[in-house]
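User: I'm new to reading structures, and I'd like to slow down on one part of this one. Could you walk me through it in plain words?
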Amino acid sequence: MARLSAAVHVQHPTTREWVVLEPGEEPVPELAAVITNADAWEDGVVPEPGEEAESEGPAPFGFAPEESSEPEPEPEPEPEPAPELGPAPQRRRKATT
């Protein structure tokens, strides 16, 4: 695994949180794939993204997998209108004495 030669601030690809990596650290493959500046690495070579980084973690928010195993839900039927009852009844008023 490659080591960093400089401090790097990166945004985590799945959680979108900012992470600070210190010089000498060996970042996990998903974070290493985000660091594309060769000057940040000790040997000056950007590591190749591994298959592990691509297969780990959930899909980004808002993206569905290509194949969905669940059928689409049917739309709910529209409610039937209430029957017409005619005019509202009038309130009785007390007689004044």
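How many helices and how many strands are there in the chain? After that, please take a close look at the hairpin of strand 1 and strand 2: what is the bridge partner of H9 in strand 2, and which phi does R16 take?

Analyst: Sure, let's start with the count: the chain has two helices and two strands. A helix here is a DSSP run of H or I with at least four residues, a strand is a run of E with at least two, and numbering starts at the N terminus. Read from that end, the order of elements is β-β-α-α, so your hairpin belongs to the β-β part of a chain whose strands and helices are DSSP runs.

Some ground rules before we zoom in. This is a predicted model, in which local features need a pLDDT of at least 70 and side-chain atom pairs count only at pLDDT 80 or more, while totals for chains, interfaces and linings use all residues. Residues are numbered from 1 along each chain as its sequence is written, and side-chain values use heavy atoms, with hydrogens and water left out. pLDDT is the predictor's confidence in each residue, on a scale from 0 to 100. The average for this chain is 78, and 77% of the residues score at least 70. One stretch to treat with care is 51-55, where the pLDDT is below 50 and the model shows three contacts beyond near neighbours in sequence. A contact, by the way, means heavy atoms within 4.5 Å.

Now the hairpin itself. Strand 1 and strand 2 run antiparallel and are joined by four bridges; two strands pair if DSSP finds at least two bridges between them. As for your bridge question, H9 has V20 as its partner in strand 2.

Look at how the side chains of strand 1 point. V8 and V10 face one way and are buried, while H9 and Q11 face the other way and are not. "Buried" means under 20% relative accessible area, "exposed" means over 50%, and "partly exposed" is what sits in between, using a 1.4 Å probe and counting protein chains only. That zigzag is a familiar pattern: in a regular strand, side chains alternate between the two faces of the sheet.

Next comes the turn. The hairpin has six residues between its strands, and R16 takes a positive phi near 65° there. That's worth a second glance, since R16 is a residue other than glycine. Most residues other than glycine have a negative phi.

Two loop neighbours deserve a stop. H12 sits in the loop between strand 1 and strand 2, and it counts as buried because its relative accessibility is 13%. T14 is in that loop too, but with a relative accessible area of 39% it is partly exposed. The side chains of H12 and T14 share a polar contact of 3.0 Å. For a polar contact you need a pair of N or O atoms within 3.5 Å; within protein, one must be able to donate a hydrogen and the other to accept it, and residues adjacent in sequence count only if both atoms are side-chain atoms.

The loop also reaches other parts of the chain. Beyond its neighbours within four places in sequence, H12 is in contact with E17, V19, E30 and L31. T14 and E30 are 16 residues apart along the chain, with their C-alpha atoms separated by 9.0 Å.

So where do those buried valines go? V8 and V10 are part of the largest nonpolar core, ten residues in total, together with A2, L4, L21, L31, A32, I35, A40 and W41. Strand 1 (8-11) and helix 1 (29-32) are the elements that give two or more residues to this core. Such a core is a set of buried Ala, Val, Leu, Ile, Met, Phe, Trp, Tyr and Cys residues joined through side-chain atoms within 4.5 Å. In soluble globular proteins, nonpolar side chains tend to be buried together.

On the helix side, A32 lies in helix 1 and counts as buried because its relative accessibility is 6%. Leaving out neighbours within four places in sequence, A32 is in contact with P27 and W41. A2 also has W41 among its contacts beyond four places in sequence, along with E25, E26, P27 and P47.
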